[in-house]
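Here is a set of questions and answers to read alongside the model. Please keep the viewer open as you go.

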Amino acid sequence: MKKTLAALTIYLASHTAAFAAPATPEEAKRLTDLFQSYIGTEPGILSVAPTGESYDVTLDVLALIKKAEKTADSKVQFKISPIIIHLTPQGDGKWVLKQDMPMDWSFIEPGKTNMQVKADTLKLDAVFDEKLMVFTSYTSDIVNLKGTISDDKPATPESPKLDFAIANIHGAGDAKSSGVGIFDGEYNASMNGFVASADSLPPGDGSAPITGKATLDKLAYTVSLKGVRGQAFVDLIKWGMALPESAKVKDAKLTDAQQAEMKALALAAMPFFDSISINETLDKFLVTSPLGNAGLDKIGVAVDFSGAIKDGFLREAITLEGLTMPQGILPPWSDPLMPSKFVFDFKLSDLDFASVTKLIMDEPALLDTAVEGDVKAANDAKLLKAIIPSGAAKFSLQVGKLTGKTYDIDYEGTVTGGPEVPPTGKGTIKSIDLIPLITALQALPPELGMAQASPAIIAFNSMAKKQPDSTLLWDLDGMTVGKFLINGVDFMSLMSLGGVGAPAEDVTPDESDTGTDMQEDGGATDNSTTPDDGAAPEETLPSDGKSTDGNEAQEPAKAE
């Protein structure tokens, strides 16, 4: 089927004049011959019929599958309604494609699986532009999709059955020219009103059958394309389709001439596209089962990446909100630590995708996974040098978040480094007081080994700067190799000496309390710079009597 659609696209790109006249049997015959050159001449698989000024292209998917089964020896029984597409020329290289039909499919593997799928409407309205080699606009809908998956054998209490329904699957998109043979596009797809239920037969001993249900309000995708080389992609597809059959089989190797042709076409297509952005959101996912209810209010995934350009980048972001778990599944001590919101958003940049792509075209052996030892190490080093020519790439954390009953943390920062460049970076963390989290960690069963984390977190909490809104702030500075400053204090050196230092004050005397007091059940900590008597806190100095910056310190005053 994919080959047939590709053939249709190529035909539209190269046979515009043929469609300028009213539809004729001769032109329908030529279309049929063209499509059959890609899918075979088996009778009954494809037909093209003239209807006024349009052509009805009918693809019998079932007949195509049966043809494949002759060599695959499959015992699966298919029932698939034919696919019919109405094709009408609009002039100026534009073509209208329409489809509006019900859907009735089934897949049965005797003695194993029985799947039935139906829909009221399978609809498509699209405009193809041969100049851009893309659908400049389209909408599609699958309405009232319903299906059942069950065992294809006599029912037993162990036989599960899954019923699912989707109110609507909708797609839409458009594209516009941004250069000769280049386009920008945005495409959306959504699935609304998903319901799935699974159950087994009553066991026969009087107990109830096992049942479960999943619902999803909406699943949506948005894909944005910038600078796509549509014409160059079609040229590559046409070249691949024209290869002899011997070059299309598994593990076949191209001749030197074929490799040279492919390389020339690929270089002409670079950077293939400028950038692609993909965003996915999932709203109100709920699962009910005998074990209880579980779900998520929202899942978000965003991916952005560049084409084969000098300033290449890759970004990914994940958001989870409103996680719920069945009661009694997790131990009580886990409740204070369970996250209710999680946001992680990172970006890799300063990557040269153009150079590494050209290098691979020139030396495809660099990707040979069979090599080992020094050869593999040399190949990896060469690829790494091409993709990070400066020796360092940048890793950026956008504003992230981690929230639970005992914590609410925001964070961001950047780190720059590479194989031969020591990492340096800086960032910030904002949070509510960490004492509730510390208390929760201390309450964990000893066998989990989390108690060791408490001293470090206590030290970290004591170094915070208290903000006017009572939240805590940590400025992180790792720009100097070998040091890691937290609010101006070298945390690594401090921990190695066994002491905890307080950050330098940058607030007025009335605001000198830079932290919060620990609750009575967690011990006491004071983030102020000095005690009331003016002496440095004893616990902030290492045992050798030196301050954390290496200068001699006065003997701390002792409490009376």
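Buried stands for a relative accessible area under 20%, exposed for one over 50%, and partly exposed for the range in between, with a 1.4 Å probe and protein chains only. This model is predicted, so local features need pLDDT of at least 70 and side-chain atom pairs count only at pLDDT 80 or more, while totals for chains, interfaces and linings use all residues. Residues are numbered from 1 along each chain as its sequence is written, and side-chain values use heavy atoms, with hydrogens and water left out.

Q: Is Asn487 buried or exposed?
A: Asn487 sits in the loop between β20 (485-486) and β21 (489-490); helices (H or I, at least four residues) and strands (E, at least two) are DSSP runs, numbered from the N terminus. The relative accessible area of Asn487 is 6%, so this residue counts as buried.

Q: What is the phi of Asn487?
A: Most residues other than glycine have a negative phi. Asn487 is a residue other than glycine with a positive value, and its phi is near 50°.

Q: What is the phi of Lys284?
A: Lys284 belongs to strand β11. With a relative accessible area of 46%, Lys284 is partly exposed. Although Lys284 is not a glycine, its phi is positive, at about 55°.

Q: Which omega goes with the peptide bond from Met270 to Pro271?
A: Pro271 falls in the loop between α6 (256-269) and β11 (275-289). The peptide bond that joins Met270 to Pro271 is cis, and its omega is near 5°.

Q: How many aromatic pairs does the structure hold?
A: Rings of Phe, Tyr and Trp (its six-membered ring) pair if their centres lie within 6.5 Å; planes under 30 degrees apart count as stacked, over 60 as edge-to-face and the rest as tilted. By that rule, the number of aromatic pairs in the structure is nine.

Q: Which kind of pair do Phe128 and Phe135 form?
A: The ring centres of Phe128 and Phe135 are 5.5 Å apart. Their planes meet at 70°, so this pair is edge-to-face.

Q: Is Phe135 buried or partly exposed?
A: Its partner Phe128 has a relative accessibility of 2%, so Phe128 is buried. Phe135 has a relative accessibility of 31%, so Phe135 counts as partly exposed.

Q: What is the angle between the planes of Phe346 and Phe395?
A: Phe346 and Phe395 form an aromatic pair with 5.7 Å from centre to centre. The pair is stacked, and the angle between the planes is 20°.

Q: How many residues apart are Phe346 and Phe395?
A: Phe346 is part of strand β14 (residues 339-351), and Phe395 is part of strand β15 (residues 393-404). The pair links distant parts of the chain, with a separation of 49 residues.

Q: Is Phe395 buried or partly exposed?
A: On the other side of the pair, Phe346 has a relative accessible area of 15%, so Phe346 is buried. For Phe395 the relative accessible area is 32%, so Phe395 is partly exposed.

Q: Which residues form one aromatic cluster with Phe346 and Phe395?
A: The stacked pair of Phe346 and Phe395 has company. Joining Phe346 and Phe395 in one aromatic cluster are Phe342 and Phe344.

Q: Which residues have the most contacts inside the largest nonpolar core?
A: A nonpolar core is a set of buried Ala, Val, Leu, Ile, Met, Phe, Trp, Tyr and Cys residues joined through side-chain atoms within 4.5 Å. The largest one has 22 residues, and those with the most contacts inside it are Val48 and Leu97.

Q: Which elements each supply at least two residues of this core?
A: The core in question is the largest nonpolar core, with its 22 residues. At least two residues each come from β1 (46-51), β2 (54-59), α4 (61-72), β4 (83-91), β5 (94-109) and β6 (113-129).

Q: How many residues does the second, separate core have?
A: Its members include Ile429, Leu437, Trp474 and Phe491. The size of this second core is 21 residues.

Q: How far apart in space are Met338 and Thr324?
A: Met338 lies in the loop between β13 (312-321) and β14. At 25% relative accessibility, Met338 is partly exposed. In sequence, Met338 and Thr324 are 14 residues apart, and their C-alpha to C-alpha distance is 9.2 Å.

Q: How far apart in space are Thr24 and Ala49?
A: Thr24 is placed in the loop between α2 (16-19) and α3 (25-39). Its relative accessibility of 28% makes Thr24 partly exposed. Thr24 and Ala49 are 25 residues apart in sequence, and from C-alpha to C-alpha they are separated by 8.5 Å.
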